Amino acid sequence: RAMPPTRAGGEVDHVASAIQFAHIALGSSPVLVKQSLEPVADGRDATARWVWNGAFPHATSLCEHPEYVKNKTVVELGAGPGLPGVVAGKLGAKRVVLTDLPDELELPLGNLRVNGLNDDGGDVVEQRCSVEPCTWGVKSEIDKLGKFDIVLCSDVLYGHHENVAVALAQTAHALCAVDGRMLLSYFPREKLEFDQPFFNACDVLFEDPTPRNVDGVSEEIKHDLWLFEYRPKRGILGGV
């Protein structure tokens with residue numbers, strides 16, 4: 001028997017088959033994103049299979065400020081199930097692309113379809129919301145995506161090797177349009193020192209971040225969450 005979806009908020013349930021996200025900005029139709037509970041073989045990283053804690057406040061912030069994404073082009077890096085990107089699509093983004101590693105795209109594509117944002121019978125070229133591979137730092141995949149008004153990075157830092165963390169910052173910068181911005185949600189956790197290379201790279205590539213508030217979360221989340229808006233520096237080559 002299928003278990004009912006878990007409502008997003010606070011600690012995300014990684015044994016739930018699906019996570020439900022509701023907000024008044026979405027009307028009477030909450031977003032539902034599935035998680036993959038299948039065992040991962042060959043020692044592969046399973047982080048793309050679950051919704052992470054930063055996705056809920058990130059999606060809530062978009063709902064509180066739909067002007068961030070309405071009629072904008074949006075890309076989500078390391079999307080996994082893609083909760084913030086799906087919410088952006090429901091809030092009226094002009095185009096949404098959920099990205100992850102090439103072998104992790106089935107889950108976010110399914111979640112677009114579950115939420116009526118991608119017609120599995122239609123021409124992929126014509127889809128307003130789609131999925132594409134984007135391995136951080138791989139120029140061919142980044143160039144194919146183009147430029148975006150909004151780059152979403154939701155809880156994608158978790159103690160990466162330095163080269164991977166730097167590649168994430170470079171990829172986000174490369175995808176930002178001239179007047180675009182990166183919206184980052186991050187919980188420092190215990191691995192902040194390992195994530196520091198990302199923030200050091202952002203210091204070079206972006207203007208000083210602007211902290212953003214989110215109201216519809218607990219005080220504990222507000223205390224722990226870093227929710228930043230970054231605008232790219234002009235005339236800076238990002239190294240990708």
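This report walks through strand E4, its partner strands and a nearby pair of helices in a predicted model.

## Strand E4 and its surroundings

Let's start with strand E4, which covers residues 73–77. The strand is mostly covered, with 5 of its 5 residues buried.

How do the two faces of E4 compare with the description "covered"? Both are covered: Thr73, Val75 and Leu77 are buried on one side, and Val74 and Glu76 are buried on the other.

## Partner strands

E4 has a parallel pairing with strand E5 (residues 95–100), made over 4 bridges. Within this pairing, glutamate 76 sits opposite leucine 98 of E5.

Strand E7 (residues 148–154) also pairs with E4 in the parallel sense, over 4 bridges. Here leucine 77 has cysteine 153 in E7 as its bridge partner.

## The link through helix H2

Which helix joins E4 and E5 in a β-α-β unit? That is H2, spanning residues 83–90, and the unit formed by E4, H2 and E5 is right-handed.

## How H1 and H2 meet

Helix H1 takes in residues 55–64. Its axis and that of H2 come within 8 Å and cross at roughly 15°. Angles under 35 degrees count as roughly parallel, so H1 and H2 are roughly parallel to each other. The crossing of H1 past H2 is right-handed.

For a look at the side of H1 that meets H2, pick out Ala55, Phe56, His58, Ala59, Leu62 and Cys63. These residues meet Leu83, Pro84, Val87 and Ala88 in H2.

Definitions and conventions. Residues numbered from 1 in each chain as written. Predicted model: local features only at pLDDT ≥ 70, side-chain atom pairs only at ≥ 80, totals over all residues. Heavy atoms only, no water. Buried < 20%, exposed > 50% of the residue type's maximum accessible area, 1.4 Å probe, protein only. Pairing = 2+ DSSP bridges. Right-handed = clockwise from strand over helix to strand, strands pointing away. Axes fitted to C-alpha atoms, helices over the stretch in contact; angles between N-to-C directions. Parallel < 35°, antiparallel > 145°, perpendicular 65-115°, else oblique. Left-handed = near helix turned anticlockwise from the far one by under 90°. Contact = heavy atoms within 4.5 Å.
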